[in-house]
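User: I would like a close look at the cysteines in this model, and the disulfides in particular. Please keep it brisk.

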Amino acid sequence: MAYQSRLWVVTWFTILVVISLLGYHKYYDYKSDPFHCRALLHNGKWSRPSLDGSRKWEAKGCHIVEYPPKATHDCLHGRRAVFIGDSAIRQLFWAAARRLDAKGLLAPAKHRDLSFDADSVKVEFIWDPWLNSTALKTILWALPTKPAYIYEYEETKGALPADLIVVGAPGLWAARYGGDDYLKLFVEGVQAVIPYLSSPTPKSQAVAGIGPRIFLAPVQNPEYDKLSPNRSVTITPDRIDAMNEYLSLLSPRRSLHVPWAFNQMSADPKNAFGVDGLHVSDYIATQKLDVVLNAYCNVEQRARSRYFKGTCCTEDPPNRIFWPVFFLGVLMAVYHVYNAHHRVVQNLVLIRANFGIIFTLLWCWACDGKSYLGKEERWYQEDDFVRVCLYWLIASILGCRRTTPPRSEELSLSIEEIKRHSPGYRGPGFLSREQSDEIKGLMQGFILLYHYHYASQTLWVYKIIRLFISGYFYLSGYGHTIYLLKTEDYSIRRFAALMFRINFLSALVSYMMGTTYSLYYFAPAITFWYCVMYITLGFFRSHNHRLLWLITKVVVAALLVDWFTSEPGPIKAVATFLRVVFRMSLDVEEMRFRLRLDRYIVFVGIMVAALVHKASTHRTRAVFTIGGLRLRLPRNAKVLLNITCVAALVTFFFITQNHPGFEEKRQYNEFHSLMSWAPILSFVVLRNSHSASRRFHLALPAALGRISLETYVLQHHIWLGRNAKEWLTLGIWESP
């Protein structure tokens, strides 16, 4: 009890610290940039190199999405995008042309206007290095955010409006040709644009729809060492810095139209510029275009789909469930305090459990549903991942504890039940509950680290994690089969209780976060497999002691499951039922893929459990009997069995990690569904190979294993963000 009290204090102290840090972030960062527009346009960095050496631009505290051609078309459909400025801005125009696949567009002579139409999207480039052209004035005059005095000009009538405007500050041109008056000429150019730097917030855009948006690109910092002698005389760091400093003095609201991230991009990576040192590479230009599209399009994309991954310059999605859950939590807390004060303990446990569930839902929404916490792109670093996995393994081993026998009242109760249902039963003595929890927890720890470190990017790790997931299903099949064969409890009451236990948290989180139910696929997958086991073992259950009859039922069930998961119709019917009755969304193809990956391992668990149960019930070493056939393990076969299991593990991993036929996930997945039982059974046999190893278990993984389903569900919104796709950050430190 003292240990639990200390753990309770530490838990709530940790929560209090995190809430305090959230408060700091709320009032000093979130308040000034509630939609992460400033983070997108002003504060970013390059990610660590991926396995192929590529890097992505990341905004601090939010996730930038790459707009593919279709999404770019959807955002700009029926709209006009205009790029105005010098050759640096022309690079953005060409990036848009490549993105929209503008076929047949040829580069004309320098210093000329360009335009193209692509499926109801009109994109233009206007050559105006001084920002003093009539075309620019006409476009600006048509903006709804123009100053009041603009209404006095007659030229505004009939002007064709532009929806997305990117204007390049005339810095390079002024530095090159402006002489000593470069700063004056620069100020005159940008002053023609600055009065128009006002646009609706993402919140108002979410209500009124996306509107015109203008961006004023800062002066590009060139790579001075590569400049030609003529350019290096006039384009100097002092001049460029002076002009950018002028732009930095804009008001906070107007500065939201200046993408300072453009210069940050070209300051870090190698080969950011071409040979002239003045123009950035096509890759940098593409990254700049994505920053502009995220600032302009994300509001509309989020309105179209709640599953949109971009988190920069967007409003938090509405949640109609939040306030009812919040007030229910307050009532539960008050009721809990009242009962504790009056020492009413009758419903105290139930109240605490309900309050814990409500707090968990609210915490999920605070971490992942709102913008209090930042979301950043994950990247994979193999050294970091391997190191933290070793830490987890060492910590687990240090927590080795002797398995305590059940208390006397529990032991006597179980013996009475066993005698009533299976006379002579002494317990399996194989893969005990503590071992099962230990293996589940150990695997779950690696799975959490796998998701956190984005290790799915490398195939060798993916193959191992796939085995862990199959191992979880094997343990589930084994454990439920042992229970059903031992107690013969096929009651509807227990079935309903187990369905509630498996699906309750997943369903509540799905409703709270507005996600698809298949996102937490462990819950529907375990539900499916338990229903398969329940029907298979419950069908003519009086004959389950006959091994040949049981094998026949398992084979028939495996064939039916193979058909059920190979055709979209049955699962689609289940998805329709869930949508109509429970208003839950289920991704049919995702569930088919997940179920087929492990479509046989559960049946292996059923058969192993049946053999162990039969051998334990008859108090014999005969593990396989059909009619007159009796397969017995000789007393000296243990060493040979252990050697065989070790050889099977080594062979499996050597083949799967080195064979050229398994160099793609698709190829390995087909092999995995057929052969995953070999390493899993080998490990389980080795874990139980000696009585000494069965008397001990790893306490830390066992504790995690008892809540493995809950941790899998909650990792999507507390351990990680955006459905386990991004890191959660407090926005205080650089690293998550």
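C62 and C312: are they buried or exposed? Please set that pair beside the other cysteines, then turn to the cavities.

Analyst: C62 is buried, and C312 is buried too. Buried stands for under 20% relative accessible area, exposed for over 50%, and partly exposed for what lies between, with a 1.4 Å probe and protein chains only. A note on the basis: this is a predicted model, in which local features need pLDDT of at least 70 and side-chain atom pairs need 80 or more, while totals for chains, interfaces and linings take in all residues. Residues are numbered from 1 along each chain as its sequence is written, and side-chain values rest on heavy atoms, without hydrogens or water.

Start with the pair you asked about. The sulfur atoms of C62 and C312 are 2.0 Å apart and form a disulfide, a term that covers any pair of cysteine sulfur atoms within 2.5 Å. The torsion about this S-S bond is 95°, and the link of C62 and C312 is right-handed. The pair connects distant parts of the chain, 250 residues apart: C62 sits in the loop between β2 (57–59) and α3 (69–76), and C312 in the loop between α13 and α14. Those labels follow DSSP runs, numbered from the N terminus: helices are H or I of at least four residues, strands are E of at least two.

By the sulfur rule, the model has three disulfides. Another of them joins C37 to C313, S to S 2.0 Å. The link of C37 and C313 is right-handed, because the torsion about its S-S bond is about 90°. C37 belongs to helix α2 (residues 37–42) and C313 to the loop between α13 and α14, so this disulfide ties together parts 276 residues apart in sequence. Both of these cysteines, C37 and C313, are buried.

C313 deserves a second look. Its loop runs between α13 (282–304) and α14 (322–341). C313 counts as buried because its relative accessible area is 1%. Its C-alpha atom is 9.3 Å from that of L41, although the two residues are 272 apart along the chain.

Next comes C75, which is joined to C297 with an S to S distance of 1.9 Å. Here the torsion is -85°, and the link of C75 and C297 is left-handed. C75 lies in helix α3 and C297 in helix α13, so the bond ties together parts 222 residues apart in sequence. C75 is buried because its relative accessibility is 0%. C297 is buried as well, again because the value is 0%.

How do the bonded cysteines pair when numbered in sequence order? The pattern is 1-6, 2-5, 3-4.

Two further cysteines have accessibility values. C389 has 11% relative accessibility, so it counts as buried. C400 has 36%, so it counts as partly exposed.

Now the cavities. The structure holds four cavities of 30 Å³ or more. The largest encloses about 130 Å³ of space. It is lined by 14 residues, and A88, I89, A217, P218 and Q220 are the closest to its centre. Helices α4 (87–99) and α12 (261–265) each supply at least two residues of that lining. The most come from α4, which gives three. By type, the lining divides into nine nonpolar, three polar and two charged residues. Nonpolar means Ala, Val, Leu, Ile, Met, Phe, Trp, Tyr, Cys and Pro; charged means Asp, Glu, Lys and Arg; the others, Gly among them, are polar. A cavity is a set of points, on a 1 Å grid over the protein atoms alone, where a 1.4 Å probe fits but cannot get out, and lining residues have an atom within 4 Å of a point. Its volume is the space filled by probe spheres set on those points, which are joined across faces, edges and corners.

Terms used:
1 Å grid on protein atoms, 1.4 Å probe; cavity = no way out; pocket = protein on both sides within 12 Å on 5 of 7 lines; lining within 4 Å.
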